[in-house]
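Biologist: Could you walk me through this one step by step? I am still learning how to read a structure.

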Amino acid sequence: MNIKKLILTSAIGLAGLTGCDDHDHDHDNNNNMMTGVLPSQIVCESNGPCRIAAPKNNPITQDVTLTADKAWILEGGVFIGDDVAETVLTIEPGTTIYGDAASKAFLVITRNSKIIADGTKAAPIVMTSSKNVGERAAGDWGGLIINGKASVNGCTNAPCEPEGEGGTGQYGGSDDTDNSGTLRYVRVEFAGNPITPDNELNGIAFQGVGSGTTIEYIQVHMGKDDGVEFFGGTAQFKYILTTGISDDNLDWTDGWRGKGQYLIVQQYDGFGDNGIEADNNGDDNAASPRSNPILSNVTLVGVPTSKRSDNGLLLREGTGAQIWNTIVVGFEDSCVDIDHTETVNNGKPVFKSVAISCNKPFTQEKWDCEDDDKDDDKCKNMEVATGDAKEAWTVEDFFNTMDGGNLNIAWDSMSPDNVLMKAFDTAAPNFMPKAGVTLPTAAAVNDSFFDTTNYVGAVDPNATTSWTDGWTTSEMN
């Protein structure tokens, strides 16, 4: 095949790139020695980086290891696997992968294949922009997409197998315990390239990913669209940090029923939308399987003076959710917004030991039924469901009385860090609760996936260090 060798901005300007040889990669998936060569879709330049060009019609279908002593450049959409046989992409700790900005690069792990990106705190795996440090920006490249075989909603026929945004392949199936591999100590930076206005890739998209997949210690930083989005499936995570995201930080839709513990969201001034945007299905709020994840030990930090900072928690379109041991502070629109009767009556979200502190604690969206862009019947249903005088519930009632143990802390515009230590500091944040602040008593989640904690929020106030220390970044470009 002909591989187009794209000239990267300022010849990449990446220090320390080394040459690679077609026979250099003698590692198996457990980093043991083996005999093998790189697939033809990878071309390594003498004394330069290795370039990977593997479009959907010519995917990589042999196991391959990306080593830390090389620089790897993704060109265009790079597909691992053919959606039939298993192909394993292994990435060694300390490896850096560059998404080529000129070709709108992105990386797709197809169904039946795996990614083993098992970094360490001392040697995280970094996926970032090909541009020079100081010139990088959100949306320089497309990000990471993982397609699994777990069930999703939104189709008329079962199993539901939709096509991912931006032509990123089919996902979904009937194996809710499907294993797409391991992501541990991985940073995804400056991703989320908008392929088209309606097809915007995220930092990491988990599309129909199953519960057998390991997701731990992940940072998505300066993403153009959503930070992390779950499209259905049952994927589970521990320790996710999203920083400087231009749209929603954690997003779910189409029937995600996973679990997550230790999530930190930090918005930056001039960027952002919602801390969490949660949907079941916009076309059919009652679609099955219904989105219904369980989250515990979450800290969501907005920007109280920014119009880009919307809601901390936005639950809508029929989603269920259990939100435990959570702190939400500083969002400009509100801390909590719950929309649509289907969400409350049948999604039945649960809040346990949730503390909020925003200038406007609660909102309920009212829909404009005169808007020609909305379907009249659908809009009428939404109007009745979202704060109309005929509705029998309000978000404030829901938060204060429908579930116990929650706390609305008065917002202090003169001293916004009245709950957390330095949550609004983007260069050197500290997400621990302030000493002496009254917070809800932590509640034990009755599920073996979750660690039992004696604190709310994502960081132990009694620890000497945070789990974010030593492997994350706050660089703006």
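Biologist: Let's start with Glu 75: is it buried or exposed?
Modeller: The cut-offs decide this: buried means under 20% relative accessible area, exposed means over 50%, and partly exposed lies in between (1.4 Å probe, protein chains only). Glu 75 has a relative accessible area of 7%, so Glu 75 is buried.

Biologist: Before we go on, what kind of model is this?
Modeller: Residues are numbered from 1 along each chain as its sequence is written, and side-chain values use heavy atoms, leaving out hydrogens and water. Local features need pLDDT of at least 70, side-chain atom pairs count only at pLDDT 80 or more, and totals for chains, interfaces and linings use all residues, as this is a model that is predicted.

Biologist: Which residue does Glu 75 meet in a salt bridge?
Modeller: A salt bridge here is a side-chain nitrogen of Lys or Arg within 4 Å of a carboxyl oxygen of Asp or Glu. For Glu 75, the N to O distance is 3.1 Å, and the partner is Arg 51.

Biologist: How many residues apart are Arg 51 and Glu 75?
Modeller: Their side chains meet in a salt bridge. Strands (E, at least two residues) and helices (H or I, at least four) are DSSP runs, numbered from the N terminus. Arg 51 is in strand E2 (residues 50-52) and Glu 75 in the loop between strand E4 (71-74) and E5, so the pair links distant parts of the chain. The separation is 24 residues.

Biologist: How many strands does the chain have?
Modeller: Helices are few here, with three of them in the chain. The strand count is 30.

Biologist: Which strands stand at the edges of the open sheet?
Modeller: Two strands pair if DSSP finds at least two bridges between them. In this sheet, 10 strands pair in parallel, in the order E5-E8-E11-E15-E17-E19-E21-E23-E25-E27. Two of them have a single partner strand each, so one side of each is left without a neighbour in the sheet: E5 (77-80) and E27 (362-363).

Biologist: And which residue of E8 is the bridge partner of Phe 79?
Modeller: E5 and E8 (residues 106-109) pair in the parallel sense over four bridges. The partner of Phe 79 in E8 is Val 108.

Biologist: Now Glu 475: with which residue does it form a salt bridge 2.7 Å long between the closest N and O atoms?
Modeller: Glu 475 is partly exposed, because its relative accessible area is 41%. Its partner counts as buried, because the relative accessibility there is 8%. That partner is Arg 136.

Biologist: Which residues are linked with Arg 136 and Glu 475 in a network of salt bridges?
Modeller: Two further residues belong to that network. They are Arg 187 and Glu 189.

Biologist: Which residue has a side-chain polar atom 3.2 Å from the backbone nitrogen of Glu 475?
Modeller: The residue is found in the segment after strand E30 (430-433), and it is buried because its relative accessible area is 14%. Contact means heavy atoms within 4.5 Å, and, leaving aside neighbours within four places in sequence, its contacts are Arg 187, Glu 189, Gln 219, His 221 and Thr 243. The residue is Thr 473.

Methods
Polar contact = N/O pair within 3.5 Å; in protein donor to acceptor, adjacent residues only side chain to side chain.
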